[in-house]
Amino acid sequence: MSEDSSIHVELKGIVQEYPAPQGEGVVRIVDGVSVALERPGITMLLGPSGCGKSTILRMLGGVRPIGVKTPTEGEVLINGVRCDGPHDDAVMVFQRYANRPDLTVRDNVALPFRFALWKNKVPEAEQKQRIDQILEAVGLADKADLRPSQLSGGQNQRVALARALVLRPRILLMDEPFGALDAQTREEMQLLLIELFNAQPCVIVFVTHDVDEALALGDRVLVLSTRPARLAIDINISEPRPRSPLWRRSTEAMRMREKILHQLHESGQER
Ligand SMILES: Nc1ncnc2c1ncn2[C@@H]1O[C@H](COP(=O)(O)OP(=O)(O)OP(=O)(O)O)[C@@H](O)[C@H]1O
Ligand SMILES: [Mg+2]
């Protein structure tokens, strides 16, 4: 993974079909999605449940389901190179934080460095320095010796975020990472993500069901239609972050919220 944060990520004519759950044939889930993410920024991805958001996110990370061609048609290009499998530019963060219960906070964050790929890439002294730095940045320096069971949901998600960011990824893929958190903790995590992004800009693709979260975080908001999913909305938000309550109540924000909700509602009715 390079220190250089510049990266160009492109989905080109992506079609995804999966075997039909019952019987023969296939079901087309995603139908020709093309998006280019040309610079570091936060892109929010919304759409009705089952429309293929996680499928697209996994595709960006080069994660292939067993026995299914992914994508069925089209290609994912990273810096112009076709992505055909796992690659070390991207890391993923999920709603279920995937922290190891038997390891301390510090060891959970250090986990990627146990794998040869990262161990060899980052000198040991730098690993330690990065771990200390990220624990500080996510506010867990004083909890480094605790285990996940001794932490709250928000703190556990901080551990997962730290484990991702310790690798200084150029692409950070987040699948409803704050979906299980209460409203206040979710807002704290959003502010933390903004701080971390400002300190270490990268291409973030963030899946959410929460329109307010999309408006709080996104430089760009993409909304998919219902199955087969196509790109229904693509909007840019130039308001600097963190975005004030005043902006959230502004006509601009209200219009965006309504447009997105209208699309999601329409998709819901089509299903
Ligand atoms: N490996 C697979 N094999 C067969 N079908 C799959 C596979 N992965 C996903 N699907 C199906 O594709 C559809 C889209 O799934 P996906 O998880 O991408 O949706 P999503 O938009 O992330 O949904 P949610 O909002 O509920 O998380 C679902 O109907 C799912 O069952
Ligand atoms: Mg999903």
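**The ligand shell and the strands of the model**

In this predicted model, both β1 (9-19) and α1 (53-60) contribute at least two residues to the shell around ligand 1. Of these elements, α1 deserves a closer look: it provides the largest share of that shell, namely three residues. The shell around ligand 1 counts 13 residues, and those that come nearest are Y18, K53, S54, T55 and P65. By character, the shell residues around ligand 1 comprise six nonpolar, six polar and one charged.

A look at β1 leads on to its pairing. Strand β1 is joined to strand β2 (residues 26-37) by nine bridges, and the two run antiparallel. One such pairing can be picked out by eye: E17 has R28 in β2 as its bridge partner. Together, β1 and β2 make up a hairpin with six residues between them. Within the turn of this hairpin, G23 shows a positive phi of about 80°.

Elsewhere, the model holds an open sheet of six strands, arranged in the order β6-β7-β8-β3-β9-β10 and with mixed pairing. Because β6 (90-94) and β10 (231-236) stand at the edges with a single partner strand each, one side of each is left without a neighbour in the sheet. On average, neighbouring strands of this sheet are turned by 15° against each other, direction ignored.

Inside this order, β7 and β8 offer a handy example of parallel pairing. Strand β7 (residues 171-175) runs parallel to strand β8 (residues 203-207), and five bridges join them. Here L172 is found opposite I204 in β8. As a rule, strands of a sheet pair through backbone hydrogen bonds, in either a parallel or an antiparallel manner.

Terms used
Residues are numbered from 1 along each chain as its sequence is written. Chains are lettered from A and ligands numbered from 1 in the order in which they are written. This is a predicted model: local features need pLDDT of at least 70, side-chain atom pairs count only at pLDDT 80 or more; totals for chains, interfaces and linings use all residues. Two strands pair if DSSP finds at least two bridges between them. Helices (H or I, at least four residues) and strands (E, at least two) are DSSP runs, numbered from the N terminus. Axes are lines fitted to C-alpha atoms, for helices over the stretch in contact, and angles run from 0 to 180 degrees between N-to-C directions. A residue is near a molecule or strand if its C-beta atom, placed from the backbone, lies within 6 Å of it. Ala, Val, Leu, Ile, Met, Phe, Trp, Tyr, Cys and Pro count as nonpolar, Asp, Glu, Lys and Arg as charged, and the others, Gly among them, as polar.
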